[in-house]
Amino acid sequence: MGSAYEDKVKTFFKEHLHEDEEIRYILDGEGFFDVRSIDDEWVRIRLMKGDLIILPAGIYHRFTTDSKNYIKAMRLFKDEPKWTPLNRAPEVDKIPARREYISRA
């Protein structure tokens, strides 16, 4: 794979959150979403072809492929598409989506 691909994959593995739900449908291949538990521990979720995952707004997570280094996924949106990841930082913990997620957890 080229360097552009490798750089893009690395961005998905940085711990981040979104201000809206992240909805992914796996069309082919396999990978892992790591999400933070209420105790701030990683929980690994394996995804394969045909799986659907919905991560709530405000949850810290990261993504990586399996050893085959291939996945084809579709991102779905319920409203206007938002793609911006917010990398984990003290100031991100203060945004409304994060505070709302913590209050529900």
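Strands are DSSP runs of at least two residues in state E, numbered from the N terminus. In the predicted model described here, Asp20 is found in the loop that links strands S1 and S2. Asp20 has a relative accessibility of 15%, and since buried means under 20%, Asp20 counts as buried. Leaving aside residues up to four places away in sequence, Asp20 is in contact with Ala57, Arg75, Phe77 and Lys82. Gly50 lies 30 residues from Asp20 along the chain, and the C-alpha atoms of the two are separated by 22 Å.

The largest nonpolar core has 9 residues in all: Ile26, Phe33, Val35, Leu47, Ile53, Leu55, Ile59, Phe63 and Tyr101. At least two residues of this core come from each of strand S2 (22-36) and strand S4 (52-55). The most is given by S2, which contributes 3 residues. A second core, separate from this one, consists of 7 residues, among them Leu17, Ala89, Ile95 and Ala97. In soluble globular proteins, nonpolar side chains tend to be buried together.

Helix H2 spans residues 96-104, and its buried residues are Ala97, Arg98 and Tyr101. When the helix is viewed down its axis, the buried residues of H2 fall within an arc of 95°, so they line one face of the helix. Pro96, Arg99 and Ser103 are exposed on the other side of H2. An α-helix has 3.6 residues a turn, so residues three or four places apart point the same way. The buried residues of H2 pack against two strands, S1 (16-17) and S2. Of these buried residues, Tyr101 is also part of the largest nonpolar core, while Ala97 belongs to the second core.

Note on methods
Residues numbered from 1 in each chain as written. Predicted model: local features only at pLDDT ≥ 70, side-chain atom pairs only at ≥ 80, totals over all residues. Heavy atoms only, no water. Core = buried A, V, L, I, M, F, W, Y, C linked by side-chain atoms within 4.5 Å. Buried < 20%, exposed > 50% of the residue type's maximum accessible area, 1.4 Å probe, protein only. Helix = DSSP H or I, 4+ residues; strand = E, 2+ residues; numbered from the N terminus. Arc of directions from axis to C-beta. Contact = heavy atoms within 4.5 Å.
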